There are 2 protein chains.
Amino acid sequence: LFVKILGSAAGGGFPQWNCNTRLSHLAWNGANSVQPRTQSSVAVSSDGEKWVLLNASPDIRQQIAAHKELQPQPDGGLRNSPIQAVVLTNGDVDHVAGLLSLRERHAFSLYATADVHASLEANTIFKVLNPAIVSRLAVNLSESYVIAGLTMTPFPVPGKVALYLENDESVQGAHTGNGATIGLEIRTSGDRRIAYIPGCAAINDAVIDRVSGADCLLFDGTVYTDTELADAGVGEKTGRRMGHVPITGEGGSLFAFDNAELKRKIYIHINTTNPILENGSKAERTVISAGWEVGFDGMSITL
Amino acid sequence: LFVKILGSAAGGGFPQWNCNTRLSHLAWNGANSVQPRTQSSVAVSSDGEKWVLLNASPDIRQQIAAHKELQPQPDGGLRNSPIQAVVLTNGDVDHVAGLLSLRERHAFSLYATADVHASLEANTIFKVLNPAIVSRLAVNLSESYVIAGLTMTPFPVPGKVALYLENDESVQGAHTGNGATIGLEIRTSGDRRIAYIPGCAAINDAVIDRVSGADCLLFDGTVYTDTELADAGVGEKTGRRMGHVPITGEGGSLFAFDNAELKRKIYIHINTTNPILENGSKAERTVISAGWEVGFDGMSITL
């Protein structure tokens with residue numbers, strides 16, 4: 001099982017385009033203490049040749065340019081790509097906007113829950129993916145799908161609908177757990193297994209049970225503290241209001257998986273405000289001490 | 001008048017993500033004879049401090065990262081950007097998808113024709129640009145608007161609606177000339193003037209008159225020959241069918257502006273198949289001999 005972290009930042013990437021906080025400022029200046037990061041996406045493969053994208057970030061073109069594995073094969077057709085499928089975990093812009101860059105008549109399969117497909121279908125701009133060429137396949141929670149030699153099982157996690165779908169006050173900030181946000185279990189025939197959860201509003205027993213024993217957990221590291229955006233002066237919403245459980249504090253992810261027998265735990269989907277982005281920071285040392293790794297663009301995991 | 005070409009390629013950029021033609025292959029391999037290019041966008045400024053984007057390409061985040069002028073001011077607020085406005089010339093994905101990356105509560109003005117605004121409004125995903133923060137302003141053809149110290153005048157050019165809006169057979173390939181595609185005249189108080197036309201299906205007298213005498217014309221260089229995509233085996237549509245007059249052949253752009261008294265003529269919006277992308281090619285020499293320049297990412301023009 002080959003895993004490449006294409007983008008390890010949350011929506012907007014690191015630095016966000018209009019962000020002038022201390023960490024972003026370091027990133028704009030090319031400081032060695034921080035590494036810029038593109039938006040949330042992971043590629044997985046059973047053989048190193050056929051790849052499946054987990055979410056399609058707005059930075060997908062840059063991510064393909066950075067990874068030879070995802071580029072056309074020189075001895076393939078005039079149009080070819082090793083990308084066989086895209087699996088979406090929710091309808092957030094940072095996970096779906098990259099679909100707009102996967103035009104040009106390459107056949108692939110697009111997997112998502114029926115709800116996420118419905119929101120894509122309601123946006124005519126996604127018609128650039130011709131349905132005669134790109135198959136849109138609805139997944140049911142807790143059923144398994146074999147995609148490019150990998151067995152993927154979507155499971156519900158506490159989450160929320162994408163902000164742009166919050167038409168209705170009643171769903172604002174709701175932790176639906178009904179498939180608006182999913183996690184993915186990815187398993188090889190040889191029983192290697194990763195769990196991918198880029199967004200999770202709360203960690204309950206069902207989530208812990210679902211990922212227990214995995215060779216690797218890629219987990220929502222959006223914010224270090226729940227009030228981090230407000231504390232930095234760049235937002236009002238808490239992490240949880242955005243659908244992301246914080247790393248630290250009551251109910252945080254830092255120690256939540258301590259009994260889950262995970263071989264590796266890696267934070268992904270890291271927001272521009274999160275202090276773990278700074279090498280050698282107290283926050284980075286804290287998560288490493290607790291057995292976590294801090295994901296970065298280009299991180300490669302072979303299981 | 002400061003002009004920066006942020007992205008000089010057509011939709012999909014150069015190379016396109018799944019393209020394995022000769023030129024793309026050179027680009028994937030990092031050959032010196034070609035320079036990779038991001039998607040179609042230009043930034044203009046009257047003072048070098050406040051900038052206006054002409055179109056918002058999917059590569060906007062990468063383009064901001066490549067241009068210090070477009071990054072937050074270190075001595076500005078926690079969220080700040082020199083980008084004051086975005087002006088759209090049509091509703092094509094390569095011109096609008098970047099709007100999805102201009103979230104995060106930065107006030108700017110979005111100018112487009114009423115038709116293009118309507119297509120954005122019909123796509124709820126663009127709600128990520130909160131209308132309380134991002135003003136959507138409809139422009140009328142041939143009226144002038146002062147935007148960040150520059151006077152911009154949209155004018156109609158023969159074009160077509162975006163492919164994803166082609167619901168109706170009757171508009172497919174239609175050269176509407178009704179504002180579905182516009183050009184922009186940009187003028188300083190000191191009467192410096194550029195004309196920006198990234199998409200144009202045919203060059204008629206009205207277009208020539210409109211740009212005559214400009215200090216610089218940035219013009220649609222999508223295809224070198226009308227049948228280039230089919231000839232390369234990577235598409236069926238002609239340049240004109242996609243809304244782009246070819247450079248060469250009957251009615252082409254190469255000599256069309258010879259009597260327009262233009263100080264500079266630069267091709268932009270160059271498709272992955274266009275042979276002018278190769279340094280030293282016969283096609284490149286031909287356009288240079290005819291008085292044109294080949295636009296590239298990072299090209300800077302000061303008038």
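To compare copies of a chain, they are superposed by least squares on the C-alpha atoms of residues with pLDDT of at least 70 in both. The model here is a predicted one, in which local features need pLDDT of at least 70 and side-chain atom pairs count only at pLDDT 80 or more, while totals for chains, interfaces and linings use all residues. Residues are numbered from 1 along each chain as its sequence is written, chains are lettered from A and ligands numbered from 1 in the order in which they are written, and side-chain values use heavy atoms, with hydrogens and water left out.

How do the two chains fit on each other? In general, two copies of a chain are related by a rotation about an axis and a shift along it. Here, a turn of 180 degrees with a shift of 0.0 Å along the axis lays chain B on chain A, and the RMSD is 0.0 Å. That is the relation of a two-fold axis. Looking along chain B, the C-alpha nearest the axis belongs to Asn123(B), at 2.3 Å from it. Both copies use the same surface, as 100% of the contact residues of chain B turn up again in chain A.

Now for the interface itself. Counting a contact as heavy atoms within 4.5 Å, 61 residues of chain B are in contact with 61 residues of chain A. Buried area is the accessible area (1.4 Å probe) that two parts lose on being put together, summed over both, and between chain B and chain A it comes to about 5,000 Å², with carbon and sulfur atoms giving 51%. Of the area that chain B buries against chain A, 18% is supplied by Trp17(B), Arg61(B) and Leu78(B), more than by any other three residues.

Charges and polar groups also meet here. A salt bridge puts a side-chain nitrogen of Lys or Arg within 4 Å of a carboxyl oxygen of Asp or Glu, and there are 4 salt bridges between chain B and chain A. In one of them, Arg105(A) pairs with Glu236(B) at 3.6 Å, N to O. The interface also has 36 residue pairs in polar contact, both residues at pLDDT 80 or more. Such a contact is a pair of N or O atoms within 3.5 Å; within protein, one must be able to donate a hydrogen and the other to accept it, and residues adjacent in sequence count only if both atoms are side-chain atoms.

Some spots in the backbone stand out too. Helices (H or I, at least four residues) and strands (E, at least two) are DSSP runs, numbered from the N terminus. In chain A, a cis peptide bond joins Phe14(A) and Pro15(A), with omega about 0 degrees, and Pro15(A) sits in the loop between strand S1 (2-7) and helix H1 (22-28). Chain B has a cis peptide bond between Phe14(B) and Pro15(B), again with omega about 0 degrees.

Ala148(B) is not a glycine, yet has a positive phi of about 50 degrees. This alanine is in the loop between strands S7 (145-147) and S8 (150-156) of chain B. Buried means under 20% relative accessible area, exposed over 50% and partly exposed in between (1.4 Å probe, protein chains only), so Ala148(B), at 19% relative accessibility, counts as buried. Asp191(B), also not a glycine, has a positive phi of about 70 degrees.
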